[in-house]
Amino acid sequence: MTWRADVPLHEDATASPLFRAWLRGDEAAGSARDELVAVGSDPSGPAPLITAGWAPRVGADDPRTVSNLEALGRGAARAVVTGQQPGRLGGPLYTLFKIATAVGLARRSTAAGHPAVPVYWSGDADDDRNEALRPRVWDPRSPGGLALERGPGRKGPGRRHPMVGRLRAGETVRLEAAWLASVADRGGAAATLARLWNMAVEEDWTLAHLQAETDRKLFPAVGLVVVSGDDPAVHAAAAPLYQRILADLPGLAAAVSRRGEELAARGYHAQLAG
């Protein structure tokens, strides 16, 4: 989208019809303004994930992260949440823009008297090897600058690729580690990430671990809480929600289908299916 101070966002032609309708406040799509006002005025309460005993594996020894987790557990702060699936070199640039936006909103909320904590949900259980690692990798040292490294081909019947978070760094990011090492002399984030990727390869971390460490290293001063979507403790904490879903799968599927049909009848995409 192209933002201009004198042009309403819903007039941007590149946005989806449903998103533009939400920004306008159309009846079928709801109202962005009303939802944001409701979020801003909603009193904080204890975060269920935190009170269920979950704690991040990465950052649990960082005083700022520990303080943020304690505030969430007491209901003394709200969470500003964003997320994305991991990818090459941590994923596309908009992953960092998402985190930076969550950090900025949390700071703004805190400054306005509503303490908030930035939380990043790493969707490492939402992409498999083929989805996350299929793109081509650019390496300036290779002929023409392109080092082609593809993920495996399409899945056949009965075959499943492992989720990206469970892949081992020693098998999947050596090319990236070598490229980062070649630019480490630029200092700053380049040097930090080169050390991190080298450590990940040497110690054969999972990609979930590497993603979490990377995000926290790039935003070191905010106590960023990073959640791995494939963390068994997260699933255990979500057990009550899973039980509610499983108790009425047919009803939920029917409700989703009805809503999709309503949206499609109004000219939007159905979004989800039962």
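Reader: What relative accessible area does Asp204 have?
Author: This is a predicted model, in which local features need pLDDT of at least 70, side-chain atom pairs count only at pLDDT 80 or more, and totals for chains, interfaces and linings use all residues. Residues are numbered from 1 along each chain as its sequence is written, and side-chain values use heavy atoms, without hydrogens and water. Buried means under 20% relative accessible area, exposed over 50%, and partly exposed in between (1.4 Å probe, protein chains only). Asp204 therefore counts as partly exposed, at 29%.

Reader: What is the phi of Asp204?
Author: Most residues other than glycine have a negative phi. Asp204 lies in the loop between α9 (188-203) and α10 (207-218); helices (H or I, at least four residues) and strands (E, at least two) are DSSP runs, numbered from the N terminus. Although Asp204 is not a glycine, its phi is positive, at about 55 degrees.

Reader: Which other loop residue, between β1 and α5, has a positive phi?
Author: Its phi is near 50 degrees, and it is not a glycine. Its relative accessibility is 39%, so it counts as partly exposed. The residue in the loop between β1 and α5 is Leu89.

Reader: Which residue of β2 stands opposite Ala79?
Author: Two strands pair if DSSP finds at least two bridges between them. Strand β1 (residues 78-84) and β2 pair in the parallel sense over seven bridges. Opposite Ala79 stands Val117.

Reader: Which strand do four bridges join to β2?
Author: In β2 (residues 116-122), six of the seven residues are buried. Tyr120 stands opposite Val226 of the partner. That partner, residues 225-228, runs parallel to β2 and is strand β5.
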